[in-house]
Amino acid sequence: MSVIIRRAESFCSRFNLRAPILLAPMAGACPPALSIAVANAGGLGACVVLLIKPDQIAAWASEVRANSNGAFQLNIWIPDPLPKRDTAKETRVREFLQRWGPPVAAEAGDAAPLDFAQQCEAMLEVRPPVISSEMGLYPPVFVQKMRERGSAWFATVTTVGEARSAEAAGANAIVAQGAEAGGHRGCFDAAAAQRKQVGLFALLPAVSDAIRVPVVAAGGIADGRGVAAALTLGASAVQIGTGFLRCRKPRSIPCGQTHSPKRRQRTRW
């Protein structure tokens, strides 16, 4: 058995998967049905809790668990410090925007994000197999609480330096996200994000050589060729986002039907 296969199978065994495939957390695009389908196919489902309240987090997890083997990750962005308000600048932005659409209310800038601490506590209450992070690291106190509840921490990084920092902070796996990633990128320093756009297949071997915990490849992977390339370059698994959004809704699969340990099948790569 090759080193590549052993590495992937070790990851699957550790996190109770049948295939080294993770659904990428996508804010506003992670309905329970998608994670149920991914989990029942042997992968890991996902939900970004950034835009949902604590009771909605619990409801999402309950639905996924009721219809799958419960393999999923919950994810949130590490918040930046609150910005300093500049009334004059906000006025200029509103004036620009209303040239292309409806007027923007002056109080629009007063909107506040959901409470990060409450969302974190809600994730802990759910006790998911995996809790992942974007754009920074969880504080040590939260990392310890994750360990106590049996949740692994997958930290998203975009550079080797970030990967080393995440491993040192206690991450159980590193999600190496290349510049090809759709939507946002999980860079720790937003000001440096444009200057540090490393492609996945350059980033992946460098991160794999720099750390000891498993690496998950993310960014622009959407077919078997991408999966094979990522595994060859040192990844233990891959994370796919946009590629899953084009999938048709699957037929219902009874909970547990495809996940009995006695019926475990060897994964084909």
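Contact means heavy atoms within 4.5 Å. The model shown in these views is predicted.

**Figure 1. The protein chain as a whole combines 10 helices with 8 strands.**
The protein chain has a radius of gyration of 19 Å. A compact globule of 269 residues would have one near 18 Å, so the two values agree. Along its principal axes, the C-alpha trace spans about 65 × 40 × 40 Å. Buried residues make up 43% of the 269 residues. Now take the contacts with a separation of 6 or more: 63% of them come from residues 24 or more positions apart. The exposed surface comes to about 14600 Å². Carbon and sulfur atoms supply 54% of that area.

**Figure 2. Helix α8 (residues 200–210) has buried residues along one face.**
Which residues of α8 are buried? They are L200, L203, L204, V207 and S208. Seen down the axis of α8, these buried residues fall within an arc of 125°, so they line one face of the helix. A general rule helps here. An α-helix has 3.6 residues a turn, so residues three or four places apart point the same way. On the other side of α8, A202 and D209 are exposed. What covers the buried residues of α8? The cover includes two helices, α7 (160–168) and α9 (224–232). It also includes the strands β6 (173–177) and β7 (215–218).

**Figure 3. Helix α3 covers residues 54–67.**
This helix has 14 residues. From its first C-alpha to its last, α3 reaches 21 Å. That is close to the 20 Å expected at 1.5 Å a residue. The buried residues of α3 are I57, W60, A61 and V64. They cover an arc of only 95° around the axis, which puts them on the same side of α3. D55 and A66 are exposed on the other side. The cover over the buried residues includes the helices α2 (32–40) and α5 (116–126). The strands β2 (45–48) and β3 (72–77) are also included.

**Figure 4. A59 is a partly exposed residue in helix α3.**
Its relative accessible area is 46%. Buried means under 20% and exposed means over 50%, so a value of 46% falls in between. Now find V126. A59 and V126 are 67 residues apart along the chain. Their C-alpha atoms are separated by 9.6 Å.

**Figure 5. E134 is a buried residue in strand β4 (residues 130–134).**
Is E134 buried or exposed? At 3% relative accessibility, E134 counts as buried. Which residues does E134 contact, leaving aside its neighbours within four places in sequence? They are N75, I76, W77, I78, T156, Q177, H184 and G186.

**Figure 6. W153 is a buried residue in strand β5 (residues 152–157).**
The relative accessibility of W153 is 1%, so W153 counts as buried. L137 is the residue to find next in this view. W153 and L137 are 16 residues apart along the chain. Their C-alpha atoms are separated by 10 Å.

**Figure 7. R127 and M135 are loop residues with positive phi values.**
Where is R127? R127 lies in the loop between α5 and β4. Its phi is near 55°, a positive value in a residue other than glycine. R127 counts as partly exposed, at 47% relative accessibility. M135 is found in the loop between β4 and α6 (140–148). M135 has a positive phi of about 65°, although M135 is not a glycine.

**Figure 8. C47 is a buried cysteine that is in no disulfide.**
How many disulfides does a search of the whole structure find? The search finds 0. For C47, the nearest cysteine sulfur is that of C30, 5.7 Å away. A disulfide needs two cysteine sulfur atoms within 2.5 Å, so C47 and C30 do not form one. C47 counts as buried, at 4% relative accessibility. C187 is buried as well, with a relative accessible area of 6%.

Conventions
Residues are numbered from 1 along each chain as its sequence is written. This is a predicted model: local features need pLDDT of at least 70, side-chain atom pairs count only at pLDDT 80 or more; totals for chains, interfaces and linings use all residues. Side-chain values use heavy atoms; hydrogens and water are left out. Buried means under 20% relative accessible area, exposed over 50%, partly exposed in between (1.4 Å probe, protein chains only). Helices (H or I, at least four residues) and strands (E, at least two) are DSSP runs, numbered from the N terminus. The expected span of a helix is 1.5 Å times one less than its number of residues. The arc is that of the directions from the helix axis to the C-beta atoms. The radius of gyration is taken over C-alpha atoms; the globule rule is 2.2 Å times the number of residues to the power 0.38. Accessible areas come from the Shrake-Rupley method with a 1.4 Å probe; for residues, only the protein chains shown count as cover.
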